[in-house]
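Open the model in your viewer and keep the sequence panel beside it. The stops below say what to select and what is there.

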Amino acid sequence: YHSVDPSPYIVFHSPPVSHTLSRLAAIFTGDLLVAGRLVSTLSFIGIGIMLALLVWRCLRVCRNPFARGFGTLCAGLLIFSMSVSPWGCLMRVDATAIALTLGGLSLYIRAKNRPALAFGAFTLFVGALYTKQTMIAAPLVCLVFAWIERPKLALKLLAWSGCLGMTVLLVMNGLTNGYFVVNLFSYNRNPFTISHLIGGWTNHLALVFVIPMLAAMLAAVSAMRCKSATGYIAFLRRSMGRGLMKRAAVLTVGWLAVALAMTITVGKEGSNVNYFMEVDVAVTLLAALFLGWTMERALRNSQEYPLILALSMGAFLFQAAPAFGSAAFAISDLSSPERDSAVTAFVSHLPGRVYSENMTILMKTGKEVAAEPAIITCLSKASVWDESKLVGQIAAGQFTGILVNTSLDNGERFTPGVATAIRNTYRKQLRFGETTVYLPVDPPLAASGVSTEPKTAMTR
């Protein structure tokens with residue numbers, strides 16, 4: 001966590017937990033990228049295991065062991081077949097943050113008569129917050145319900161988590177001369193647009209599986225249905241004390257509601273469907289509880305719920321079964337993608353510095369990451385950062401190569417100044433799949449103002 005100026009022009013928008021775990025894992029892997037993917041993959045697998053264990057415990061009211069086992073299998077496998085599952089093995093903070101959040105929620109669900117578990121839950125919530133600073137949905141819901149149940153306990157939990165969080169904040173800010181807060185908030189200036197928000201939701205809904213979503217909706221209606229609107233707080237208080245399953249369902253509905261509200265952040269430039277991972281985990285938990293409970297009722301009287309029984313079996317066959325393929329993909333993707341091997345080999349032989357839109361290639365070749373194109377573009381647009389030094393370095397040909405994965409016309413990755421400097425100083429030379437390599441033109445040609453764009457680009 002440092003100033004974005006001088007070079008390298010890199011901002012760390014995320015808190016340090018995931019970075020720290022990746023660094024520790026790199027001691028054993030010898031490769032930070034592989035270590036980061038290992039941490040994410042293990043976290044995502046841990047999410048599936050925690051979901052299964054939580055549902056198994058909540059469904060102990062089921063008399064039929066098959067119904068209990070069915071709900072547990074749905075909890076453990078459905079998350080791996082959700083649309084966000086491929087993101088669970090990437091070197092990102094999401095999986096680790098949600099694993100800590102789910103661990104905290106699991107402890108709080110069991111904390112009805114064991115307050116110590118509630119303090120453990122909020123300790124994990126603080127850990128999740130220092131993994132990804134937007135992980136406020138679960139702790140907020142648990143704090144509200146703690147106030148409904150036991151106001152004094154809620155105040156103690158607020159004081160404990162507040163003191164713990166502020167202590168970490170002060171230590172981190174002191175160690176970084178104040179740039180911890182600056183990186184997390186002042187430099188976090190990604191532009192927000194309604195079109196990006198709508199596009200994010202559209203892309204996610206196009207991949208949503210109908211059966212788990214329908215099951216989660218039915219579970220939410222069943223858990224939160226109250227005959228008297230005037231006594232809703234008393235209803236929630238009673239629901240929280242009516243067994244582990246009811247308590248889990250009510251808390252998960254609240255978690256899902258706030259997590260859905262937090263998806264407004266997908267409207268930020270640079271966001272993607274991984275912003276829906278928390279929502280999908282909450283949906284999986286609700287769906288598994290509902291499907292296990294439904295299976296219990298269906299097996300008790302198979303003629304009473306034939307349609308729902310068919311839906312339950314369909315959910316397992318068509319949604320949970322593909323989880324094995326997703327898990328295999330997650331494990332196999334721990335190594336570097338083969339599609340980058342050619343360009344990686346080429347870049348490794350380039351002397352000096354290389355500017356790349358895909359920073360993973362630079363990490364593989366051990367080259368300095370001079371800048372993070374997307375973030376510095378946002379900062380330049382917001383007038384938080386002066387791009388003139390970077391533009392000057394490009395115009396002076398200080399990079400021996402420039403790698404572009406999208407296009408120089410991509411306004412989210414390249415400002416007009418940076419794009420113009422690249423076009424004036426470099427020309428397209430090679431193409432490796434999606435990556436275009438720009439190499440410096442001859443100095444006399446660049447000075448003459450003659451177009452450096454070749455008529456044909458070499459392809460390798």
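## The whole chain

Begin with everything selected. Buried residues make up 48% of the 460 residues in this protein. The model is a predicted one. Colour by secondary structure: the protein has 21 helices and four strands. Now show contacts. Of those with a separation of 6 or more, 73% link residues 24 or more positions apart. Switch on the surface. About 21200 Å² is accessible, and carbon and sulfur atoms account for 65% of that.

## The sheet

Select the four strands. In what order do they lie in the sheet? The order is E1-E2-E4-E3, in an open sheet with mixed pairing. Pick out E1 (353–356) and E3 (426–432) at the edges. Each has a single partner strand, so one side of each is left without a neighbour in the sheet. From one strand to the next, the twist averages 25°.

Next, select E3 together with E4 (residues 435–440). The two run antiparallel and are joined by six bridges. Check two of the facing residues:

- Leu-430 is opposite Val-437 of E4.
- Phe-432 has Thr-435, in E4, as its bridge partner.

Follow the chain around the turn. E3 and E4 make a hairpin, with two residues between them. Stop at Gly-433 in that turn, where phi is positive, at about 60°.

Now add helix H16, residues 341–348. Which strands does H16 lie across? The helix lies across E1, E2 (399–404), E3 and E4. Look along E3 to judge the angle: H16 runs at about 135° to that strand.

## A nonpolar patch on the surface

Move to helix H1, residues 17–29, and select Ile-27 within the helix. Is Ile-27 buried or exposed? Ile-27 is exposed, because its relative accessible area is 61%, and the cut-off for exposed is over 50%. Extend the selection to Leu-21, Leu-24 and Phe-28. Together with Ile-27, these residues form a nonpolar patch on the surface. The accessible area of the four comes to about 470 Å².

## A buried asparagine in a loop

Go to the loop between helix H8 (179–186) and helix H9 (194–205), and select Asn-190 there. Why does Asn-190 count as buried? Its relative accessible area is 19%, and buried means under 20%. Show the neighbours of Asn-190. Leaving aside residues up to four places away in sequence, Asn-190 touches His-13, Lys-268, Glu-269 and Cys-378.

## Two loop residues with positive phi

Keep the backbone angles on display. Most residues other than glycine have a negative phi. The next two stops have a positive one.

Select Asn-177, in the loop between helix H7 (151–175) and H8. Phi of Asn-177 is about 55°, a positive value, although the residue is not a glycine. Asn-177 is exposed, with 69% relative accessible area.

Then select Ser-383. Where is Ser-383 placed? Ser-383 sits in the loop between helix H18 (373–381) and helix H19 (388–395). Phi is near 60° for Ser-383, again positive in a residue other than glycine. Ser-383 counts as exposed too, at 66% relative accessibility.

Definitions and conventions. Residues numbered from 1 in each chain as written. Predicted model: local features only at pLDDT ≥ 70, side-chain atom pairs only at ≥ 80, totals over all residues. Heavy atoms only, no water. Pairing = 2+ DSSP bridges. Axes fitted to C-alpha atoms, helices over the stretch in contact; angles between N-to-C directions. Contact = heavy atoms within 4.5 Å. Buried < 20%, exposed > 50% of the residue type's maximum accessible area, 1.4 Å probe, protein only. Areas by Shrake-Rupley, 256 points an atom, 1.4 Å probe, with all protein chains shown as cover. Patch = residues over 30% accessible without salt bridge, like charges linked within 9 Å, V, L, I, M, F, W, Y side chains within 5 Å. Salt bridge = Lys/Arg side-chain N within 4 Å of Asp/Glu carboxyl O.
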